[in-house]
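Biologist: I would like to walk through this model with you. Shall we start with a term we will need, and then take the structure piece by piece?

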Amino acid sequence: MVTCLLLFDQRLKMPQALSDVWIHFTAANVEGKAVYICEYCAKSYVKNVTKMQNHLTKCTKFPQRSQHATSDKIFYKSTDTRDNRQTGLYIADELKAVINDLGPQKVFGLVTDNAANMTAVWSKAEGSYPHITPIGCAAHSLNLLLKDIMALKTMDTLYKRAKEMVRFAAIT
């Protein structure tokens with residue numbers, strides 16, 4: 001399985017539109033303070049779109065409660081790679097198609113694991129798009145580090161002793 005994460009800014013394509021959340025709140029002035037009141041349950045908020053969006057997902061009187069309050073995309077695309085060798089060249093070509101589809105000016109980062117095929121993708125991406133920064137996945141690196149640490153004999157001994165202590169504590 002190949003996992004790549006592209007970091008991109010949708011706002012670079014066009015000016016970002018106001019959030020849809022505003023149509024569900026009415027502006028008001030309470031004791032000299034600007035607040036926004038939910039049109040369905042009358043709960044008020046200081047100007048904070050994130051809290052207002054979260055409120056709409058929980059508001060029992062919101063008519064479209066099961067739907068998201070906004071239409072922002074989080075997931076962009078998935079490609080089935082099982083019929084192709086996952087070489088650096090193949091992945092780079094697939095990635096290039098996605099970057100061109102999004103618009104190269106909007107992509108600023110590429111996060112992958114640190115496998116050899118991915119480092120090849122990094123160099124191809126940097127060659128084609130010098131403004132894109134490839135980044136190794138910190139969680140994957142940490143996983144590999146801990147795997148190496150746990151492979152040490154001293155850590156194995158420590159692990160076995162800790163396991164025995166837990167087993168003993170559970171018995172008593």
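Modeller: First, the term. Buried means under 20% relative accessible area, exposed means over 50%, and partly exposed lies in between. Keep in mind that this is a predicted model.

Biologist: Then let us use it. Is D156 buried, exposed or partly exposed?

Modeller: The relative accessible area of D156 is 30%. Buried needs under 20%, and exposed needs over 50%. So D156 counts as partly exposed.

Biologist: Which residue forms a salt bridge with D156?

Modeller: Look within helix α5, residues 153-171. The partner lies four residues from D156, about one turn of the helix. Its relative accessible area is 46%, so this residue is partly exposed. The closest N and O atoms are 3.2 Å apart, and the partner is K160.

Biologist: How many salt bridges does the structure hold?

Modeller: Side chains of opposite charge can pair when their charged atoms come close. One such pair is K160 with D156. R82 and D80 also meet through their side chains, at 3.1 Å from N to O. The count for the structure is two.

Biologist: Take R82 and D80. Which of them is exposed, and which is partly exposed?

Modeller: The cut-off for exposed is over 50%. D80 has 48% relative accessibility, so D80 counts as partly exposed. R82 has a relative accessible area of 68%, so the exposed one is R82.

Biologist: Now the sheet. In what order do its strands lie?

Modeller: Strands of a sheet pair through backbone hydrogen bonds, either parallel or antiparallel. Here the sheet is open, has three strands and pairs in the antiparallel sense. The edge strands are β2 and β4, as each pairs on one side only. The order is β2-β3-β4.

Biologist: How many bridges pair β2 with β3?

Modeller: β2 covers residues 25-30 and β3 covers residues 33-38. One bridge partner of β2's N29 is A34 in β3. T26 stands opposite I37. The antiparallel pairing runs over six bridges.

Biologist: And how many bridges join β3 to β4?

Modeller: β4 covers residues 44-45 and runs antiparallel to β3. I37 has its bridge partner in β4, namely S44. The number of bridges is two.

Biologist: Which turn residue of the β3 and β4 hairpin has a positive phi?

Modeller: Start with the other hairpin, β2 and β3. It has two residues between its strands, and E31 in the turn has a positive phi of about 55 degrees. The β3 and β4 hairpin has five residues between its strands. There, the phi is about 70 degrees, and the residue is A42.

Biologist: Rings next. Why does the pair of F25 and Y45 tie together parts that are 20 residues apart in sequence?

Modeller: The rings form an edge-to-face pair, 6.1 Å centre to centre, with 80 degrees between the planes. F25 is buried at 6% relative accessibility, and Y45 is buried at 14%. The pair ties those parts together because F25 lies in strand β2 and Y45 lies in strand β4.

Biologist: Y40 and F62 form a pair too. Which of the two is buried?

Modeller: This pair is also edge-to-face, at 5.3 Å centre to centre and 65 degrees between the planes. Y40 lies in the loop between β3 and β4, and F62 in the loop between α1 and α2. Y40 has a relative accessible area of 28%, so Y40 is partly exposed. The other ring has 4%, so the buried one is F62.

Biologist: Which residues does V49 contact, leaving aside its neighbours within four places in sequence?

Modeller: V49 is found in helix α1, residues 49-58. V49 is partly exposed, at 26%. S19 is 30 residues away in sequence, yet 7.7 Å away in space, C-alpha to C-alpha. The contacts are S19, V21 and W22.

Biologist: Last one. Which element gives the most to the largest nonpolar core?

Modeller: That core has 15 residues, and I91, L95 and I99 are among those that touch the most other members. The elements giving two or more residues are α2, β5 and α3. With seven residues, the top giver is α2.

How values were computed
Residues numbered from 1 in each chain as written. Heavy atoms only, no water. Pairing = 2+ DSSP bridges. Buried < 20%, exposed > 50% of the residue type's maximum accessible area, 1.4 Å probe, protein only. Contact = heavy atoms within 4.5 Å. Salt bridge = Lys/Arg side-chain N within 4 Å of Asp/Glu carboxyl O. Core = buried A, V, L, I, M, F, W, Y, C linked by side-chain atoms within 4.5 Å. Phe/Tyr/Trp six-rings, centres within 6.5 Å; stacked < 30°, edge-to-face > 60°.
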